[in-house]
Amino acid sequence: MGSGQTVLVAACALVDTDGRVLIAQRPAGKSMAGLWEFPGGKVEAGETPEEAVIRELQEELGITTRIACLAPLTFASHAYDDFHLLMPLFICRRYWGIPQAKEGQALKWVRPRDLRDFPMPAADEPLVPFLIDLI
């Protein structure tokens with residue numbers, strides 16, 4: 001991957017009835033292992049960011065949602081050493097099922113103001129104030 005490549009990743013801030021947000025810890029062996037992030041993943045060819053979020057929530061957490069339940073909140077545009085990350089962040093308060101760690105990742109429900117206590121990838125950190133303001 002060349003340094004000029006932009007990678008499109010879609011992420012979701014899942015919010016429970018108590019106003020907490022779900023974050024997942026990147027498992028050992030992945031890049032940025034140990035850091036906490038919002039669930040989501042790379043947008044595949046022919047997929048919209050919304051479709052990617054729905055697919056990733058199903059794969060990573062075993063939950064279902066619909067495009068109508070996703071609201072765009074903000075986005076991150078961050079230059080890492082070897083690629084540029086563009087990441088729309090959606091907020092979702094309506095989903096079916098109980099989130100479970102399907103890929104060995106740790107999961108935590110956290111109040112938005114407490115998100116700063118968890119080390120996050122550089123692209124995710126600037127998203128936190130938007131969640132604090134919103135929730």
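The exercises below work through a predicted model, each with a solution in steps.

**Exercise 1. The four-stranded sheet**

Task: Find the order of the strands in the open sheet of 4 strands, and say which strands stand at its edges.

Solution:
- Step 1. The order is β4-β1-β6-β5, and the pairing is mixed.
- Step 2. β4 (40–42) and β5 (70–79) are the edge strands, since each pairs on one side only.
- Step 3. From one strand to the next, the twist averages 20 degrees.
- Step 4. Helix α1 (residues 49–61) packs on this sheet and touches β1, β4, β5 and β6 (84–92). The direction of α1 makes about 65 degrees with that of β1.

**Exercise 2. Parallel or antiparallel?**

Task: For each pair of strands in the order β4-β1-β6-β5, give the sense of the pairing and one or more bridge partners.

Solution:
- Step 1. As background, strands of a sheet pair through backbone hydrogen bonds, either parallel or antiparallel.
- Step 2. Strand β1 (residues 6–14) and β4 run antiparallel and are joined by 3 bridges. Here A11 stands opposite G40 in β4.
- Step 3. β1 and β6 pair in the parallel sense, over 7 bridges. The bridge partner of A11 in β6 is L89. A11 therefore has G40 as its opposite residue in β4 and L89 as its bridge partner in β6.
- Step 4. β5 and β6 pair in the antiparallel sense over 9 bridges. In β6, S77 has L86 as its bridge partner, and L70 has C92.
- Step 5. A hairpin of 4 linking residues joins β5 to β6.

**Exercise 3. The surroundings of β6 and T74**

Task: Decide how enclosed β6 is, and whether T74 is buried or exposed.

Solution:
- Step 1. Of the 9 residues of β6, 7 are buried, so the strand is largely enclosed by the rest of the structure.
- Step 2. T74 is placed in strand β5.
- Step 3. The relative accessibility of T74 is 16%. The limit for buried is under 20%, so T74 counts as buried.
- Step 4. Apart from neighbours within four places in sequence, T74 is in contact with M87, P88, L89, L127 and F130.

**Exercise 4. The three-stranded sheet**

Task: Describe the sheet that contains β2, and explain why one side of each edge strand is left without a neighbour in the sheet.

Solution:
- Step 1. The open sheet has 3 strands in the order β3-β2-β7, with antiparallel pairing.
- Step 2. β3 and β7 (106–110) are at the edges; each has a single partner strand, so one side of each has no neighbour in the sheet.
- Step 3. β2 and β3 pair over 2 bridges in the antiparallel sense, and Q25 stands opposite W36 in β3.
- Step 4. The loop between β2 (21–25) and β3 (36–37) contains M32. M32 is not a glycine, yet its phi is positive, at about 60 degrees. With 30% relative accessibility, M32 counts as partly exposed.

**Exercise 5. I23 and the nonpolar cores**

Task: Which residues touch the most other members of the largest nonpolar core, and what does I23 touch?

Solution:
- Step 1. The largest nonpolar core has 24 residues, and I23, F38, L85, M87, L115, M120 and L131 touch the most other members.
- Step 2. β1, β2, β6 and α2 (128–134) are the elements that give two or more residues to this core.
- Step 3. A second, separate core has 15 residues, including L22, A52, L57 and L61.
- Step 4. I23 lies in strand β2 and, at 0% relative accessibility, counts as buried.
- Step 5. Beyond four places in sequence, I23 touches W36, E37, F38, A106, L107, K108, V110, L115, F118 and M120.
- Step 6. The C-alpha atoms of I23 and L57 are separated by 12 Å, and the two residues are 34 residues apart along the chain.

**Exercise 6. The largest pocket**

Task: Give the volume of the largest pocket and say which strand gives the most to its lining.

Solution:
- Step 1. The volume of the largest pocket is about 550 Å³.
- Step 2. Its lining has 29 residues, of which V9, R26, E37, G40 and G41 are the closest to the centre.
- Step 3. At least two lining residues come from each of β1, β2, β4, α1 and β6.
- Step 4. β1 gives the most to the lining, with 4 residues.

Conventions. Residues numbered from 1 in each chain as written. Predicted model: local features only at pLDDT ≥ 70, side-chain atom pairs only at ≥ 80, totals over all residues. Heavy atoms only, no water. Pairing = 2+ DSSP bridges. Axes fitted to C-alpha atoms, helices over the stretch in contact; angles between N-to-C directions. Contact = heavy atoms within 4.5 Å. Buried < 20%, exposed > 50% of the residue type's maximum accessible area, 1.4 Å probe, protein only. Core = buried A, V, L, I, M, F, W, Y, C linked by side-chain atoms within 4.5 Å. 1 Å grid on protein atoms, 1.4 Å probe; cavity = no way out; pocket = protein on both sides within 12 Å on 5 of 7 lines; lining within 4 Å. Points joined across faces, edges and corners; volume = space filled by probe spheres on them.
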